[in-house]
Amino acid sequence: MTTPAMTTDSVIHDIGYKPYTGPRLGRGHILRSLYWFSLRAAFGFGRGARARIIPLGGFAAMLLPAAISIYKVASVGGDPVLTYSHYAYSMSLFLIVFVAVAAPELVSRDLRHHTLPLYFSRPLRRSDYPLAKLLALATAIFLFEALPLIIMYLGTVASSTSGTGVWDQTKALVPGLLVALAYGAAFAPLTLLIASSTGRRAIATGAIAILFLATTAISHVFESVGTHSDGPPPPPPSSAQSDQTGQLQQSDGPPFKETFTYDSVARYGGLVDPLRLVEGTRIWALHATDANMPDPKGAGPLYGAELLLLTGLTTGGLFLRYRKVGVA
Amino acid sequence: MSVIETRDLGKRYPGGVTALTGLTLAVEPGITGLVGANGAGKSTLIKILLGLLAPTDGTARVLGHDTRTDGELIRARVGYMPEHDCLPPDVTATEFVTHLGRMSGLPATAAKEQAAEALRHVGLHEERYRQIGTFSTGMKQRVKLAQALVGDPGLLLLDEPTNGLDPAGRDAMLALIHRIGTEFGIAVMVASHLLSEIERICDQLVAIEGGRLLRAATLSSMTQNVPWLAVEVEEGADALAAHLASLGLTVRTENRALLVPVRDDAVFDLVRDAIADLGLPLNRMEHRRHHVEELFSTSPAPALVPAAEPQP
C-alpha cells in the first residue's frame with residue numbers, strides 16, 4: 001500500500017520516484033530566495049521580454065544624464081550636467097513610472113492570481129512575505145537611483161587628473177547616495193501598501209502614479225502661490241506675508257542671481273508631496289544650499305519627521321495588511 | 001503511525017458559524033478520501049492541518065507535529081493543492097514550480113531538479129517550458145499538483161483535485177493520485193464532494209457532514225471483496241433480474257443497472273448467456289471493484305469502525 005513498488009520489469013522510460021534526501025533550508029534561505037526573486041521581478045526579469053520594457057526603459061532614461069555628463073567632463077571638462085544630489089529629484093518622473101509598475105508587479109500579481117495560499121501553505125512566515133517584498137522594492141529603487149550616480153561618478157573620476165578632483169566628486173556623491181537610500185526606504189512601503197490593496201495591476205499602477213503626480217502638482221501650486229519674485233537687484237524683504245527669506249541660486253545658469261522670497265505657504269507646501277518630503281529633508285538634514293524647491297528652513301525638522309512617520313506608518317500598514325490577508 | 005491525528009477538533013468562526021465540532025480522526029498512510037458536501041468543513045479541516053488556522057477546541061497532529069505550535073515544520077513537509085485557480089499565466093511551469101520549491105526550503109539547484117522531476121511525474125515533461133497561461137485546465141491542475149509534490153512531501157493535501165476536469169481528465173488525475181499514493185509512497189488526503197469518484201483510489205474514507213465526523217472507514221478489507229458487475233439493459237431489466245436470480249445469482253438494482261456479485265469467471269458467461277437468451281438490448285456491462293456509496297448514506301455510525309461488507 002505505502003511501500004514504493006519498484007517496477008523493474010515494466011516500463012523502461014520510467015525511472016521511478018526518487019525521494020529527496022538533500023537539505024531542507026530554513027527561514028533565512030526562504031526569505032533570501034523570495035527577496036532575490038522579487039528584486040529580479042521589479043526589473044521585469046523572470047517573465048516575458050515585455051515585462052522588462054518599462055523598468056529597463058526607465059533605467060536607460062535615468063542613465064542618460066550620466067552618459068552626457070561623462071562625455072561632457074571627458075571632452076569639455078567642468079562639472080556633470082546634473083549634480084549627484086539633484087539627480088533623483090530632477091529625474092523623479094522616471095522613478096514614479098518605475099515604482100508605479102514595480103510595486104504592483106511585486107504584490108498585486110500574487111493577489112490577482114491567488115498565488116498567496118501557495119506561499120502561506122509553505123514554511124514561509126506570514127510577515128516574511130511583506131518583509132521580502134519591502135526589502136526587494138527598496139533595493140530596486142535604490143539601484144534605480146544609485147547606479148546612474150555611481151556610473152557618472154566612475155566616468156567623471158576616470159577623466160579626472162587630480163586627487164582633489166576625485167575627492168570632490170566623492171564628497172558630492174555621498175549625499176546623492178543618501179537620497180537614493182531615502183527614496184528606497186520611503187517609497188517602497190508607500191507604494192507596496194497601495195498596490196497590496198488591489199489585485200488589479202492597472203488600477204494599482206494608476207493609483208500610485210496619480211498619488212505622486214497629484215501631490216507634486218499641489219505642492220507646485222503652493223510654491224507658486226507662496227513665491228514672490230522680486231527680481232534683480234535683491235530688494236529688501238518687503239512682503240507683508242513673508243516670514244523668512246529663501247534664496248534660489250541657479251548655479252548652472254547665467255551669471256545673475258534672482259532672489260525669491262517664500263512665504264510659509266511655499267515652505268510648508270512641500271509637506272504634501274512625497275518627493276519634496278525627501279528633497280526637503282535632504283536640504284534640512286544635509287544643510288544643502290542647492291535646493292530645487294523653496295528651502296524649508298525652519299520647517300526642515302517637520303519634513304524629516306513626516307518622512308519618518310510616513311515610512312513607519314506605511315511599513316506598519318503593509319505588515320498589518322498581510323497579517324489579515326485570507327489564505328486558501 | 002498515523003499521519004494525521006485529531007482529537008475533539010472544533011472550529012467556530014467569530015460570528016457564531018461552527019465549521020467543525022468534536023472531530024476525532026486517525027488517518028493512516030496511504031490514500032485517504034475526505035468526503036463531504038460543499039460547506040461540510042473540508043477546507044477548514046485542511047487549513048487547520050496546515051497550521052494556518054487555529055482550532056477553537058481540541059488538538060490536531062500532522063506527521064507527529066502539533067498544528068498549533070509547529071505549523072512551520074508541518075508546512076515544510078506537507079504539499080498542499082488548493083481547490084481554486086492559483087497559477088500566474090505569464091511564467092513557465094518550470095520557473096513557477098522551481099520558485100515554489102525554493103519557498104519550501106530547497107536549495108536553488110535542488111529546487112530546479114525537483115521541479116523538473118515533479119513536472120515529469122505529473123506528465124508535463126514536454127510542456128514544462130511553456131507559459132502556464134497556454135495550458136488547458138487539465139494541465140493547469142497538473143501544475144498545481146506538481147507544486148504540491150515538489151520537494152518530496154511526507155503528506156499531500158489535495159482539495160478537490162478533479163475540479164473542472166472532463167471525465168477523461170478526471171480519470172487521468174485520479175490515476176496520477178493513485179500512483180503517487182502507491183508507487184511514490186506519499187500519504188495523500190484527497191478532499192472531494194464526490195464519493196463515487198474518489199472511492200476507487202482510496203484506502204480509507206473519512207466522511208464529514210456539517211463539521212461532524214459521519215464515518216471513517218478503511219477500505220482495505222473491501223479490496224478483497226467480491227467485485228461487482230453492473231449490467232444495464234435498455235428494457236426488460238425485471239425479466240433479466242428474475243432470470244439471473246433463478247440461476248442462483250444475487251441481484252440488486254441500482255437506478256437503471258443490475259448489480260451482480262462476480263464470485264468467479266463463470267458469472268460473466270452466465271450473465272452474457274442470460275441476456276442473449278432473453279434477447280435484451282444491452283447498454284452497458286461494467287466491472288466494479290467495490291461499491292461503498294451505501295456505507296455513507298446510512299445513518300451516522302460511531303467513528304473508526306471498519307467498513308462493513310456491502311450487502312448485496
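Helices and strands are taken here as DSSP runs, with at least four residues for a helix and at least two for a strand, and they are numbered from the N terminus. Read in this way, chain A of the predicted model follows the pattern α-α-α-α-α-α-α-α-β-β-α-α-α along its sequence. That makes eleven helices and two strands.

A word on confidence helps before going further into chain A. The average pLDDT of this chain is 85, and 86% of its residues score at least 70. One stretch calls for some care: over residues 238–247 of chain A, pLDDT stays under 50, and the model has 21 contacts beyond four places in sequence for this stretch.

Chain A has 328 residues, of which 39% are buried. Among its contacts with a separation of 6 or more, 76% join residues 24 or more positions apart. Leu39(A) offers a friendly place to see such a long-range link. This residue sits in helix α1 of chain A, and Leu135(A), 96 residues away in sequence, lies 8.4 Å from Leu39(A) in space, C-alpha to C-alpha. Apart from neighbours within four places in sequence, the contacts of Leu39(A) are Ala136(A), Thr139(A) and Ala140(A). Is Leu39(A) buried or exposed? Leu39(A) counts as buried because 21 other C-beta atoms lie within 10 Å, and the cut-off for a buried residue is 20 or more.

Towards the end of the helix pattern comes α11 of chain A, which covers residues 300–324. Its 25 residues reach 36 Å from the first C-alpha to the last, close to the 36 Å expected at 1.5 Å a residue. Which residues of α11(A) are buried? They are Tyr303(A), Leu307(A), Thr315(A) and Leu318(A). The cover over these buried residues includes α6 (128–158), α7 (163–195) and α10 (274–285) of chain A.

Chain B brings a sheet into view. Its six strands form an open sheet in the order β6-β7-β8-β3-β9-β10, and the pairing is mixed. At the edges stand β6 (78–81) and β10 (212–218) of chain B, each of which pairs on one side only. From one strand to the next, the twist averages 15°. In general, strands of a sheet pair through backbone hydrogen bonds, in either a parallel or an antiparallel sense. Within this sheet, β7 (residues 155–159) and β8 (residues 187–192) of chain B pair in the parallel sense over five bridges, and Leu155(B) stands opposite Ala187(B) in β8(B).

Helices of chain B accompany the sheet. Helix α1 (residues 42–49) of chain B packs on the sheet and touches β3 (31–35), β7, β8 and β9 (204–209) of chain B, with its direction at about 150° to that of β7(B). Helix α5 (residues 137–149) of chain B lies across β6 and β7 of chain B and runs at about 165° to β6(B).

Finally, the two chains meet. Their contact takes 35 residues from chain A and 38 residues from chain B. On the side of chain A that touches chain B, α1 (27–42) and α5 (116–120) of chain A each supply at least two residues. The largest share of that side, five residues, comes from α1(A), the helix that also holds Leu39(A). By class, the side of chain A that touches chain B has 19 nonpolar, twelve polar and four charged residues.

Terms used. Residues are numbered from 1 along each chain as its sequence is written. Chains are lettered from A and ligands numbered from 1 in the order in which they are written. This is a predicted model: local features need pLDDT of at least 70, side-chain atom pairs count only at pLDDT 80 or more; totals for chains, interfaces and linings use all residues. pLDDT is the predictor's confidence in each residue, from 0 to 100. Two residues are in contact if their C-beta atoms, placed from the backbone, lie within 7 Å. Two strands pair if DSSP finds at least two bridges between them. Axes are lines fitted to C-alpha atoms, for helices over the stretch in contact, and angles run from 0 to 180 degrees between N-to-C directions. Ala, Val, Leu, Ile, Met, Phe, Trp, Tyr, Cys and Pro count as nonpolar, Asp, Glu, Lys and Arg as charged, and the others, Gly among them, as polar. A residue is buried if 20 or more other C-beta atoms lie within 10 Å of its own, exposed if 12 or fewer, and partly exposed in between; C-beta atoms are placed from the backbone. The expected span of a helix is 1.5 Å times one less than its number of residues.
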